[in-house]
Structures are given as C-alpha cells and as structure tokens.
Amino acid sequence: MRDIQQLKEIARQLRIDIVTMVYNAQSGHPGGSLSAIDILTVLYFGGFLRYDPTNPWWEDRDRFILSKGHASPALYSVLAKVGYIPHEELNTYRKTKGYASDGYSRLQGHPAWQGNRHGTPGAEASTGSLGQGLSIAIGQALSGKLANKNYRVYVMLGDGEVQEGMVWEAAMFAGHHKLDNLCAIVDNNNLQIDGDIRQIVNIHPLPDKYRAFGWHVIEIDGHDYNQIINAFEEATNTKGKPTMIIAHTVKGKGVSFMENNFKWHGVAPNKEQYEKAILELSAGGV
Amino acid sequence: MMAVDIKSLPKKALRDTYGEVLVELGKIDPDMVVLDADLSESTRTHKFHEAFPDRFFNVGIAEQNLIGIAAGLAYTGRTVYASSFAIFLSGRPWEIIRQQIAYNKLNVKLVASHGGVSVGQDGASHQMNEDISLMRALPNMNVIVPADSVEMEKVLKKIHWIKEPFYVRMSREKFPIILPADYEFELGKGYVLKEGNDVSVIACGVMVSMALQAAYELEEEGIDVEVINMSSIKPIDRELIVKTAQKTKAVVTSEEHSIIGGLGSAVAEVLSEECPTILVRHGVEDRFGISGPAWEVMEELGLSVEGLKKKIKQALDKKSKC
Ligand SMILES: Cc1ncc(C[n+]2csc(CCOP(=O)(O)OP(=O)(O)O)c2C)c(N)n1
Ligand SMILES: [Mg+2]
C-alpha cells in the first residue's frame, strides 16, 4: 500500500521549494506549479514512474514530459527530491550562473532536455513553448513500441495549453495509433494568463472531446491522493487506447492568497508574501 | 545631436506606448480590430480591450488561429493588429503569415513584444533572436524595430494608414528615450542621431541608445562615432548606408537579434552590392540565450555598451589594416 500521509508530506515540502525558488529568482510561475505538484508527487514517489536518478539515460525508464513548461519549479523540485540534482542547485533557478558545464544554470526558466547543454538531468524534453509536449510524448511512446520496450510515457498539459491546435493533431494521432503506453494529464485549473478559460476560449467538454478522439478518459480531483493513485493504476491497466487524466485542480493550491487567482500565474512573491506563504505551508503539515 | 550620457535619460517601455496608441487609433478608426493570444496584459493590448471590448478578440493560446483570423478580418477590409511575444507571433505561425498576410499583402500589423534576449529569466525558449530574419525574408512584409517610445508612437501613427503588412518589434524592458518629441518616422529612412567621421554604428531597438552611450564614452578616447538609427529594416535606407560608409569607411551594425539574417545582414547586403566596406556585426552570436535577469543576460551575451565599444574598436582596427 502507498502511504498517502507520506506522499502529502513530500508534496508539502515540494511546495515550499517551489515558492522559495520563485521568490529567490524573483521570477517564475507559482500558480501552475502548485496546482500540478500533487500529481507529480504521486507519479514520482507513488511507485508509478520507473526511473533511476543515478542513471538518467537508462533506456527502459518511464518518461515524464512537462508540456506546460512554465511549471518548471514543480519539476525541478521533484528532480532535486529524488536525487537527479542536488537540492542546493534549486537556488540557480532562472539565474545566470549555475551547474552546467559552461557555468550557466541547468535550471533554465523553462525546462531544457537533459541532452541539452543547459538541460536538467531527468528532464525528458525542452518545453516552454506551449502545445508541443504531447507530440513529443507520442514520439517517445512510438519509439518504445518499435523497440519492444515496455516503458511508459507520461505528459502533463495545462488546460489553457489545450487551446493550441497542435494538441489536437497529436490527440488524433495517439488515438489512431492506440498508444496505450501513453498517459496524458491535463492540469485543469480553469485559468490561463488572461483569466478564466471558460470566458476566453472555452475548451470544454474535454472528456467528450478526448473520447471522440479515441482516448480512455478519467476525471479526477487532482489534489485527492486516492483518486490520483487510482487514475494512474487505471491508466497502466488500460490496453488499446491512450489514457487522458483530466485532473480538476486549484491554481496556486496550498498558498491561500494565490489560490484561484490568475494574477499569480507568473509573478514572484515579495518578502512579506513569501513569509506568509512559508508560514502557511509549514503549519499546513498535512 | 551631440553624444549623450544615456544613463540620465528617462525611460519607458515601448509596449506601454503601444497600449496607449492603440486606444487613440481606436477612437479615430472604427474599422480597426485588435487580436491577442492570452498575453494581452504583457503586450498591453488589454488597454484596447478595456476601451473597445467589441473590437478586441482574445483567441486563447492558439497563435496559428490568431494569424488566420487576422487574415480573414483583413480580407474584409479591416485594419488588424495581432500581438503576442515575438517568439509566438513570428515563429509558431510563420508559414500562415507567409501564405496569407505576406502573399496577399494584407493590412495586418503584427506587433510583437518580448523580442530579443532582454526577455531575461524566461530563457532561450522565449528569447526570440531570429524574428527580424524570418520576417525580412518575406516578400511584401515591412519590418520596423523602433528605438524608443517616442519612435514607437510615431511608427504606429504612420503605418496605421499604410494598408500593407508590417512586423513591428518591441522588447520587454524600458528603453531610454533618446529621440526628440518632434522626431518624424519615415518608412525606409534611417536617422542620423550623431554625426561622426571615424566609424559608423548602424543600430536598431535598444542598441541605438547603447550606441549613443558608446559614442559618448569613445569621444573621450578621441574616437568620433557616427550613430544611425535604422528602425526601418525593411525597406532599408540604402542611400544613407552607402553615404555613411563612404564617409567613415568602417561600419558596425548593432541589434538585439542574431547576427545572422537581421539588421547586420541587411546592411551587409547593401554594402557588398554598392560599396564594399569593413563591417563588424554586433548582436547575438550564433547561439541560444540563457535565463537570468534581463540586463545581466544582455551583458553576458555582449549586448552592452562595453560589448559594442569592443566591436567599434575591432572595426577601426580592421580599417587601419586595410
Ligand atoms: C506557444 C505559447 N504561447 C504562449 C505562451 C505564453 N504562456 C505561458 S503560460 C501561458 C498560460 C498557460 O495556461 P495553462 O496551460 O492553463 O497553464 P497553467 O494554468 O497550468 O499555468 C501562456 C499563454 C507560451 N508559453 N507558449
Ligand atoms: Mg490553467
């Protein structure tokens, strides 16, 4: 059995790392990192993603791609926690100097692939320009099938990101090719930069759309650990179709004044706000 | 104009001017429509949205659709503005821009914010250093890179009435205001900001103010620099380029853009055809940017007054050996 209390404790620590990184850099995207982190926690610490931080290029590893690359603090905090990178490296996020071979940072504003000169060990693709991750995940999933490997590919998209046409070109292809080694997650926090997605250009009903494209669709509360665990289990057991997990989440989750407020998409907290956030997250021990 | 210490000048972001002028134009031109792709606060088109909610459309995160819709609106005779970050406005939908807006010479103004590496922390994925090159290659496309907010306003008020495609490129940061209030922008014309006899710097965007500063500092070393603002990159002022080259016999181009395909290349084309001259291109070398605070990244990539002074001296050195 998975220890949910333990997972939640990990996520609490990761939330502190996320807010701290953005505060230290005075730049970055806290809202979408905080909405995504419970799902990433279950994926990396709940026994679903198979990986080896001592061997980032292990051929049989499962892949996770953060298509909504601006949530890089969420990914970087996880990669540090599992040991791909040292924890103190998180201080180099969005800074000029860091741990890359040429002295620059390996924690770029948006993730760079681990094969990139400024990439992060454990990062499976360069993202940041929205809409590209699902297609990349498909390529990696196809390659696994071609090589008779049983690794799985996971990819997380933002709900605003789903407005990109390329996402639907990819959805059509994955359904057509019955890529059951592919699992996508939409971080459905209802917000994009300019406001509420349902008011800007509505993407819903999402489940019906993906079903029509040949996907197995699961809808969950993206902060409910039992539901996240069950969804990943169901995805793993689903044959003959790619799986789409539509996770209903709260942007800024865990920091009261950031929750459900699109203004916290891409701004850093000041000192006072940072201290308040840390206080909440420290007290908020599950 | 004399060389000036730009550090003392007031600053303003071009995108702030863009938002204000859009509203002014909206009042006098009822046919005008503005589009954005989920970056309206950053590009400042939200100002137009607030003033004219019926004539503003946010297409969401869908830049190809943005351009397609802009084209459709323009086919029906409207003046259309479409904005996003330079990378997403010129990069993602490039082929649609080519097929619709350039090929049909449509009345669409593509106004990009966040050009170049001064985007800073967002990093290489968001730092567009190839847009001038991409846009300049398109037949029918006019390409303008204003030097400050005064010029931004003059550019918009002039090109609004020219029923042709334009790509106007802004950066994110505030630029020093270097042009006088009575400055007039003319399409296809460069502007001599400071006359000089030893070497010519032809610059665009924020590098124009840095060129002025470099000229000011080099004056003390006895180097007399001519500074030209070449905001109109296409069409370009061939006559002025030849004239300054014939006078100083050494040219440095300077831009917050790749040295491949942008202003440097445009000037090189003119010089090689008309009057081969020593040329040094100052800009982003053939590489990607990095994350970091805007001016730190600029400095790191050599896009600073010091970096430009080095290139100016290189040009003088080459000239002396020629
Ligand atoms: C192709 C592209 N267009 C625009 C942007 C600018 N941008 C960054 S984040 C964002 C909003 C993303 O919203 P969503 O996908 O819902 O992410 P989340 O709410 O999880 O942060 C936009 C428009 C981008 N990164 N890429
Ligand atoms: Mg969202």
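## Where the two domains of chain B meet

Visitor: How much area is buried between domain 1 and domain 2 of chain B?
Guide: Keep in mind that we're looking at a predicted model. Of the area buried between these two domains of chain B, carbon and sulfur atoms give 54%. The total comes to about 2400 Å².

Visitor: How many residues does domain 2 of chain B bring to the contact?
Guide: Let's place the two parts. Domain 1 of chain B covers 11-176 and domain 2 covers 188-321, with 25 Å between their C-alpha centres. Domain 1 of chain B puts 33 residues into the contact, and domain 2 of chain B puts in 35 residues.

Visitor: Which three residues supply 26% of the area that domain 1 of chain B buries against domain 2?
Guide: No other three residues supply more of the area on that side. The trio is B:Val117, B:Asn129 and B:Arg136.

Visitor: Which residue does B:Arg136 form a salt bridge with?
Guide: The count between the two domains of chain B is one salt bridge, alongside 21 residue pairs in polar contact. For B:Arg136, the closest N and O atoms of its salt bridge are 2.9 Å apart, inside the 4 Å cut-off. The partner is B:Glu269.

Visitor: Which element gives the most to the domain 1 side of chain B that touches domain 2?
Guide: Strand E6 (142-144), strand E8 (174-176) and helix H7 (131-136) of chain B each give two or more residues to that side. The top contributor gives four residues, and that's H7(B).

Terms used: Residues are numbered from 1 along each chain as its sequence is written. Chains are lettered from A and ligands numbered from 1 in the order in which they are written. This is a predicted model: local features need pLDDT of at least 70, side-chain atom pairs count only at pLDDT 80 or more; totals for chains, interfaces and linings use all residues. Side-chain values use heavy atoms; hydrogens and water are left out. Domain bounds come from an automatic or database domain assignment. Contact means heavy atoms within 4.5 Å. Buried area is the accessible area (1.4 Å probe) that two parts lose on being put together, summed over both. A salt bridge is a side-chain nitrogen of Lys or Arg within 4 Å of a carboxyl oxygen of Asp or Glu. A polar contact is a pair of N or O atoms within 3.5 Å; within protein, one must be able to donate a hydrogen and the other to accept it, and residues adjacent in sequence count only if both atoms are side-chain atoms.
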